[in-house]
Amino acid sequence: MRITDGHLDGFRRAIAQAVAFAHEHGPQLMVEVFIDEERMLAHSFQLYRDSDAIRTHWRLSDPYIREVMEHCTVQHFEIFGAPDHDIVAALMTPGGESFPFTVSPRLAGFHRLETSRTDELHP
């Protein structure tokens, strides 16, 4: 994301609120945001279990996303994996405006993320 000149503090506040909301209510397995103040660029990495989780995220977080977008523009959007066709179609015209994105299907790999469910009771 390219942060709009003069909006760095507003961007920081909006991102902090959005991430706090996602941490509390969102379906993401992981959210990390990095900022390059010198170039006024930010990078957000989000990990989802599946396309249903993305739909849930969009439904819940729309007000927070709108607040963030008041302070930046999307320069490029990358998707790694195989989202459902409706997810890709929705990315083609967010708010009627298109932004560049790529979809890179998974070839191979593994993860060591914790897999215990948060709704399970632990002794």
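A salt bridge is taken here as a side-chain nitrogen of Lys or Arg within 4 Å of a carboxyl oxygen of Asp or Glu. In the predicted model, Glu37 and Arg12 satisfy this criterion, with their closest N and O atoms 2.1 Å apart. The contact links distant parts of the chain, since Glu37 is located in the loop between β2 and β3 and Arg12 in helix α1, 25 residues apart. Both partners are partly exposed: Glu37 has a relative accessible area of 41%, and Arg12 has a relative accessibility of 37%. Under the same rule, the count of salt bridges comes to 6.

Further salt bridges involve Arg55. Asp84 pairs with Arg55 at a distance of 2.7 Å between the closest N and O atoms. Because Asp84 lies in the loop between β5 (77-80) and α3 (85-92) while Arg55 lies in helix α2, this pair ties together parts that are 29 residues apart in sequence. The side chain of Arg55 also meets that of Asp86 in a salt bridge, with an N to O distance of 2.8 Å. Here helix α2, which holds Arg55, is tied to helix α3, which holds Asp86, and the parts so joined are 31 residues apart in sequence. With Asp52, the residues Arg55, Asp84 and Asp86 are linked in a network of salt bridges. Within this network, Arg55 is partly exposed at a relative accessible area of 25%. Asp84 is likewise partly exposed, at 34%, and Asp86 is partly exposed at 41%.

The overall architecture comprises 3 helices and 6 strands. Read from the N terminus, the elements follow the order β-α-β-β-α-β-β-α-β. Of the 123 residues in the chain, 24% are buried.

Helix α1 was examined with respect to its length and its burial pattern. Its 18 residues should span 26 Å at 1.5 Å a residue, and the C-alpha atoms at its ends are 25 Å apart, in agreement with that expectation. The buried residues of α1 are Leu8, Gly10, Phe11, Ala14, Ile15, Ala18, Phe21 and Ala22. Viewed down the helix axis, these buried residues fall within an arc of 155°, and they therefore line one face of α1. Asp9, Arg13, His23 and Glu24 are exposed on the other side of the helix.

Aromatic contacts were considered next. A pair of aromatic rings is described by the distance of the centres and the angle of the planes. A search of the whole structure yields 2 aromatic pairs. In one of them, the ring centres of Phe21 and Tyr64 are 4.4 Å apart and the planes form an angle of 20°, so the arrangement is stacked. This pair links distant parts of the chain, with Phe21 in helix α1 (residues 8-25) and Tyr64 in helix α2 (residues 51-69), 43 residues apart. Phe21 is buried because its relative accessible area is 17%, under the 20% cut-off. Tyr64, in contrast, counts as partly exposed at 29% relative accessibility.

Phe34 and Phe45 form an aromatic pair with edge-to-face geometry, the centres being 5.8 Å apart and the planes 75° from each other. Phe34 belongs to strand β2 (residues 30-36) and Phe45 to strand β3 (residues 41-47), so that the pair ties together parts 11 residues apart in sequence. Phe34 is partly exposed, with a relative accessibility of 45%; for Phe45, the relative accessible area is 45% and the residue is partly exposed.

Phe34 and Phe45 also contribute to a nonpolar patch on the surface, together with Leu29, Met30, Leu47 and Leu113. The accessible area of the patch amounts to about 520 Å². Strands β2 and β3 each supply at least two of its residues. Leu29, another member of the patch, is found in the loop between α1 and β2. Leu29 is partly exposed, with a relative accessible area of 42%.

Definitions and conventions
Residues numbered from 1 in each chain as written. Predicted model: local features only at pLDDT ≥ 70, side-chain atom pairs only at ≥ 80, totals over all residues. Heavy atoms only, no water. Phe/Tyr/Trp six-rings, centres within 6.5 Å; stacked < 30°, edge-to-face > 60°. Helix = DSSP H or I, 4+ residues; strand = E, 2+ residues; numbered from the N terminus. Buried < 20%, exposed > 50% of the residue type's maximum accessible area, 1.4 Å probe, protein only. Patch = residues over 30% accessible without salt bridge, like charges linked within 9 Å, V, L, I, M, F, W, Y side chains within 5 Å. Areas by Shrake-Rupley, 256 points an atom, 1.4 Å probe, with all protein chains shown as cover. Expected span 1.5 Å × (residues − 1). Arc of directions from axis to C-beta.
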